Structures are given as structure tokens and as C-alpha cells.
Amino acid sequence: MTLLHETRNRLRERLRKPTERALSVAFRYAKRVPFVKRRLEAEYASMLEEIRAAAKPYRDRVPSHPRLPELGHDREQLLAEIDALQAQEADRWRDGFVSGAVYHGDREHIEFLNQVYARCSQANPLHADLWPSVVKYEAEIVAMTAHMLGGAYVSEHDDVCGTVSSGGTESIMLAMKTYRDQARQQRGIKSPQMVVPSSAHAAFDKASRYFGIEMIKVPVGADCRADVGATRQAITRNTVVVVGSAPSFPHGVVDPIEELAELARARGIGFHTDACLGGFVLPWATELGYPVPRFDFRVPGVTSISADTHKYGYAAKGTSVVLYRNKGLRRFQWYTTTDWPGGLYMSPTFAGSRPGALSAACWAAMLSIGAQGYREATRRILETAATIRAGIENVPGLRVLGDPLWVIAFASDELDIYRVMDFMSHRRWNLNGLHRPACVHLCVTLRHTQPGVAERFLADLREAVQHVRTQPAGKGGMAPIYGLAGSLPVRGAISDVLERYLDVLYEV
Ligand SMILES: Cc1ncc(COP(=O)(O)O)c(C=O)c1O
């Protein structure tokens, strides 16, 4: 992007905020007018019809169960029901048509994890006395992850530690709550703020809303990386944490963690590296000689890290790790109560009871794969991603955003990129649609390293671009929805539609 481009984008970003606020207030008031409300609801209902058809494909094809049956169903019959639905869904991710989502997916690996799950399905680490085995698994998951992420390189005052959580979002939310509570107790901060690049995962915004921490969003630079100068300016006396991603979900680029963390360290503020995506890739990429900027506890200012075992740690869905530089900081994550009639109670994370079987399966995944397995998996993923990236760069009309390693976002200055995505979806591809700027990404996993997958992706992509270039837009698909979301006046309405979409998901 040229300097002119960049300056214009920043100016737009500055102007957008007050305009957005005014429009969203106007929209909220307009919605109270009965006539407007009725018109809007009618519009939403028609949009939702198409969405409902996509979200509920089984509605008229298989029996639904809205009430408990008087007599329990036959187990074999239920297994057959599940198998029938599973059979319709598994091919797409198994054959490598999906961005992210299933990161390993080899049959033997899945069967091994299932065996572990089956042996531990009743275990609950809340009852540490009943299942000390799960307590052992979790402590070792944390220790192995901490060691992989530079835990051995901290000063003698620190002792990297952490907990297992249910996923990246929970790890991030736990860390943000931890910083809020630390700042309240140690610095008396009552109106906490977090300084976060605009490319950081939505989980930070969720934490901001749940925990009353004001989110100060800093725009990213032309290379899609967090802007160090803008971050410096955004830090105030109320800042409780500064955030960077390694890499970011949208564009797969690693933020300048060393510089960002130093800003925080120099001011006595915490710094969180979100390595949910990269925690189990970047250490091996570094060993393999890829140019990876430092992002973990080797950077003195980094005080916490989230790293997802259920992504490139190749565990089953439902585990992640949040790490802290020392136990003093982790203590702000703990919950204890001493006056509950239910007894003395404590829990390390948001949940009470937790699925010990998932922790057992995570532990078993890590030990069965080992450093050599992770290194080899990373090598395959990065080589495949390089082929895909080069292929995209060779398609006239497309450009890759930033300098990614394996999460490859691409945009177009000539074509509607969401129409390209829609065409790809008709070829079974499930890509991630992103906006601000409009682009699409493919998050490369082990599924894409199967023979022929990268070539098939590039062939379909070339055809998609050719199609969009030569054919007029049809009706339906995601292109019009993203188009709408990008236009300011209807953003409040899009938010309403998303809420109604969540309602639809729970319709039987
Ligand atoms: C960088 C990053 N952070 C956080 C998350 C959230 O993880 P989860 O979906 O497991 O909650 C993701 C998910 O893709 C991510 O890519």
C-alpha cells in the first residue's frame, strides 16, 4: 500500500468513529418508532429466511426431538442417527476444503484421542481429590506449553505458570480479568482500559464488554501489524494491559511484540501475547529457520500468553492454555469463597465442573506427538502455505495482505472479493470472510498438506476470479451481506440480524 493510501485510511478511521457513534445513536432512537420497528423486523425476517435454510439443513429431512421421549431411544438407533448426520459433514473438512477448524484430522490420531476420552469421560478436575490423574495431566500440559514458549528463559524472580481453559476465548478473557483485578488492587484503577490492535481477536472485545474494561483500539499499519507509535499514544494512566497477536486471526501476521511489550514494561503495565493460533507453530517455525520475530517469554515485557492446544496443539476441541510470567499475577485469576453454605469453594477458571476427559486427551495428544511430531507438522504446513501464497500472488487481480506464513489473507482492488468467496463455496471451499479491509483468508492446516489439495485450491481460485471478472453478480450468497456490513448506516441493523441469527441456531 502506498503512503497516500495509508494516510487516507487513517484519516477515514479517525472520521469514522464520531460518525459511527452518531449513526448508531440515531439508529437506536429510530428503532423505537413503531413503524420503523415493524419495517425493520420485516426486513430481518426476509434476510433470515435464507440464513435459516443454510443453518438448519436437516429441518425437513430428519426427525427432530423437541421433547424428552417417554421411553428412551435405542442406543444403536441413536448412534445410527448421529452417524448419518456426521457422514454428511465430515468429508468437507477431512478432504481439506475448510479454512482452520480441524487442524490435524488424521483418522488414527482422532481414534487415539477418542480412546483416551472414553477412558476418562467421568473425570472432573473440580474434584481434585477424586481425579488427581486429571490434575496431573493439566499441570503437565501447562508445564510443557510454558517450556515451549520460553518459560525456561525468565529471570530468577519469575516462574512461568498457567492454567488449562476451554479455548482461546476463555484464555484471553481470563487474562483480561486478571489484569483488571491486578490493576484495581495494586494501582487503585477503577476505570480500566486495554490497548488492543484492531486486528486482535474479537475475544478481547468480548472481555472488554463482560468485564467493564474500556477497549482502546489501535489501527494497524499498512503491513497489517500493530502500530507501535499509535500504541504508545493510546496508553494512559488507566491502561491495565497492552495486547499483541502472534499471529493475528485476520491476516496471520505477527505483531512487533518486542517493541509493544517494551512500551508496557517501561510503564509497569502487563503485556499479553495472543498466541492462540501461533503458540504451537511459531516455536517450531523458528527452529526450522523461518523468520519469526520473538513473541514469547524470552521477551522481557511479555507477562502472559494464550496458546490453543485445540488448534495446532492437535488436541480435541475444548482446551487451551493461558500462561503467566509468575504466580503473583496468576493469583488474580483464581476464584475462592469461604462463606457459601455449599462449603469452601475454589475454581481456577470460569467454569465450575470441567471435562477432565478433554484435558486427558490434550495431554495424550501432546505426548504422543512430541517435539519431533510438531516440528514435522509445522514443516508440512509452512511448505504447503508457501505454495498457496505464491499461487495466490500469481493470480492477476488478487493480492496477499501483509507477510503471512500460514494464515493467508487476500484481497482485490478490482473485483468483489466476497463474490470470489461465494464462487469458492460452490466448489465446497469454506473460507473465512473478513472485512475492514474487505478480504478472505485461508488458514492452512494439516488437512491442506494432503496431496493435491493446494493445487485444487489454486485451480478453483483462478476459475473463481475468472468467473467474477466475466459474469454479472447473481442473487444470494455472502457478498451482499458483507457489502451491507461495510456500509455505515446499516451496521446497527446488521448487529440485529446477527442476534436473530443466534436465535435461529436454537430453533428446533
Ligand atoms: C488469534 C486468535 N485468538 C483467539 C482465538 C479464539 O479462539 P477460540 O475460538 O478457541 O475461542 C482465535 C480463534 O481462531 C484466534 O485465531
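How many Å separate an oxygen atom of the ligand from an N or O atom in the side chain of Lys 311? Let's work through this and a few other exercises on this predicted model.

**Exercise 1. Find the polar contacts of the ligand through the side chains of Lys 311, His 310 and Asp 308.**

Step 1: Start with Lys 311, where a side-chain N or O atom is 2.9 Å from an oxygen atom of the ligand.

Step 2: Move on to His 310, which has a polar side-chain atom 2.8 Å from a ligand oxygen.

Step 3: Finish with Asp 308, whose side chain places an N or O atom 3.5 Å from an oxygen atom of the ligand.

Step 4: Now look at how the protein covers the ligand. On its own, the ligand has 390 Å² of accessible area, and the protein covers 85% of that.

**Exercise 2. Describe the shell of residues around the ligand.**

Step 1: Count the residues: 13 surround the ligand. The closest are Gly 168, Thr 169, Asp 274, His 310 and Lys 311.

Step 2: Sort the shell by character. Nonpolar residues number 5, polar residues 5, and charged residues 3.

Step 3: Ask which helix gives the largest share of the shell. That is α6, spanning residues 168-187, with 3 residues.

**Exercise 3. Work out how helices α12 and α14 are arranged: roughly parallel or roughly antiparallel?**

Step 1: Locate the two helices. Helix α12 covers residues 356-393, and helix α14 covers residues 453-470.

Step 2: Check their axes, which come within 10 Å and cross at roughly 15 degrees.

Step 3: Apply the cut-off: angles under 35 degrees count as roughly parallel. The helices α12 and α14 are therefore roughly parallel to each other.

Step 4: Add the handedness: the crossing of α12 past α14 is right-handed.

**Exercise 4. Find where the cis peptide bonds leading to Pro 247 and Pro 437 sit.**

Step 1: Take the bond from Ala 246 to Pro 247, which is cis with omega near -10 degrees. Pro 247 belongs to the loop between β4 (239-245) and α9 (257-266).

Step 2: Turn to the bond from Arg 436 to Pro 437, which is cis with omega near 5 degrees. The loop holding Pro 437 runs between β12 (432-434) and β13 (439-443).

**Exercise 5. Say what phi is for Cys 224, and where this residue lies.**

Step 1: Read the angle: phi of Cys 224 is near 70 degrees, a positive value in a residue other than glycine.

Step 2: Place the residue: Cys 224 lies in the loop between β3 (214-218) and α8 (228-234).

Notes:
Residues numbered from 1 in each chain as written. Predicted model: local features only at pLDDT ≥ 70, side-chain atom pairs only at ≥ 80, totals over all residues. Heavy atoms only, no water. Near = heavy atom within 4 Å. Polar contact = N/O pair within 3.5 Å; in protein donor to acceptor, adjacent residues only side chain to side chain. Areas by Shrake-Rupley, 256 points an atom, 1.4 Å probe, with all protein chains shown as cover. Helix = DSSP H or I, 4+ residues; strand = E, 2+ residues; numbered from the N terminus. Nonpolar A, V, L, I, M, F, W, Y, C, P; charged D, E, K, R; others polar. Axes fitted to C-alpha atoms, helices over the stretch in contact; angles between N-to-C directions. Parallel < 35°, antiparallel > 145°, perpendicular 65-115°, else oblique. Left-handed = near helix turned anticlockwise from the far one by under 90°.
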